[in-house]
Amino acid sequence: MSKVPLWPVLDDYGLQKIPLRFYGLLLLLLRPYICWVLTLTLPQEHRSMLAFIYPLQSDFILACLVAAPVLLLVAAQSQRKPKGYAPWRHVWRYGRFIMLVVAIADFAFTLSHLPSQFMLDTPWRVVSPLLLLVGAIWLVYSQTLKMVFSEWPLPPESKPAAD
């Protein structure tokens, strides 16, 4: 009698399941866009939240430019199904590299824009660089991600016509 695994390894399409850490790293890399959307949903008098996180408008624009390639990866991930648009597989195959480059660029950008003596004034600002560093290390050494990014579902086979 074979034992049913507690955690399924394959998704509904027979592909390697994407780890939850992948989605966490996506959220971390897309934080400028998430902040932007959250700011747009707030009432007018509370819209200064974006200025609290990104004091200069140029910092916010640069952070969005750094994170922009990850939006391509999100689009490719949404097409990772048998009836999805097949040309996105080329973006998906390079997804690990895209995420690694964005994580390193975001790490450098975040470190370079930390205020002086931030550990005394705002020690919470060290969290995102540390998470980006851990995420970049995970992207390099994860064997599961190598399998995830190498797979793409086959298109559905057309059914033969009845004679």
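Leaving out neighbours within four places in sequence, Thr39 is in contact with Arg47, Met49 and Leu50. This contact list comes from a predicted model, and Thr39 makes a handy way into it. The residue sits in helix H2, and with a relative accessible area of 6%, Thr39 is buried. That label follows because buried means under 20% relative accessible area.

Thr39 has company in its helix. Arg31, Pro32, Tyr33 and Cys35 of H2 are buried as well. What do the buried residues of H2 pack against? Quite a list turns up: helix H1 (20–29), helix H3 (49–53), H4, H6 and H8.

Helix H2 also matters for the next feature, the largest pocket. Its volume comes to about 490 Å³. Lining this pocket are 19 residues, and those closest to its centre are Arg31, Ile53, Tyr54, Thr110 and Ser128. Which helices each supply at least two residues of the lining? They are H2 (31–41), H4 (57–78), H6 (95–112) and H8 (127–141). The largest share is five residues, and it comes from H2. As for chemical character, the lining of the largest pocket splits into twelve nonpolar residues, three polar ones and four charged ones.

Moving over to helix H4, Ala63 is found there. At 5% relative accessibility, Ala63 counts as buried. Once residues up to four places away in sequence are set aside, Ala63 touches Pro32, Tyr54 and Phe109. Pro32 is one of the buried residues of H2 mentioned above, while Tyr54 is among the residues closest to the centre of the largest pocket. Ala63 also comes up in a pairing across the chain: Ala63 and Asp106 are 43 residues apart along the chain, yet their C-alpha atoms are separated by 7.4 Å.

Next come the cysteines. How many disulfides does the structure hold? The count is zero. Take Cys35: the closest cysteine sulfur to its own is in Cys64, and the 9.0 Å between them is too far for a bond. Seen from the other end, the sulfur of Cys64 has Cys35 as its closest cysteine partner, again at 9.0 Å. The two sulfurs do not make a disulfide because the cut-off is a pair of sulfur atoms within 2.5 Å, and these are 9.0 Å apart. Both cysteines are tucked away from the surface by the accessibility rule: Cys35 is buried at a relative accessible area of 12%, and Cys64 is buried at 10%.

Aromatic rings give one more view of how the chain comes together. The count comes to seven aromatic pairs. One of these is formed by Phe22 and Trp92, with 6.1 Å from centre to centre and 70 degrees between the planes. Is this pair stacked, tilted or edge-to-face? The Phe22 and Trp92 pair is edge-to-face, because planes over 60 degrees apart fall into that class. The pair ties together distant parts of the chain, with Phe22 in helix H1 and Trp92 in helix H5 (residues 88–93), 70 residues apart. Neither ring-bearing residue is out in the open: Phe22 counts as buried at 1% relative accessibility, and Trp92 counts as buried at 0%. Phe22 and Trp92 also belong to one aromatic cluster, together with Tyr23 and Phe149.

Key. Residues numbered from 1 in each chain as written. Predicted model: local features only at pLDDT ≥ 70, side-chain atom pairs only at ≥ 80, totals over all residues. Heavy atoms only, no water. 1 Å grid on protein atoms, 1.4 Å probe; cavity = no way out; pocket = protein on both sides within 12 Å on 5 of 7 lines; lining within 4 Å. Points joined across faces, edges and corners; volume = space filled by probe spheres on them. Helix = DSSP H or I, 4+ residues; strand = E, 2+ residues; numbered from the N terminus. Nonpolar A, V, L, I, M, F, W, Y, C, P; charged D, E, K, R; others polar. Buried < 20%, exposed > 50% of the residue type's maximum accessible area, 1.4 Å probe, protein only. Contact = heavy atoms within 4.5 Å. Phe/Tyr/Trp six-rings, centres within 6.5 Å; stacked < 30°, edge-to-face > 60°.
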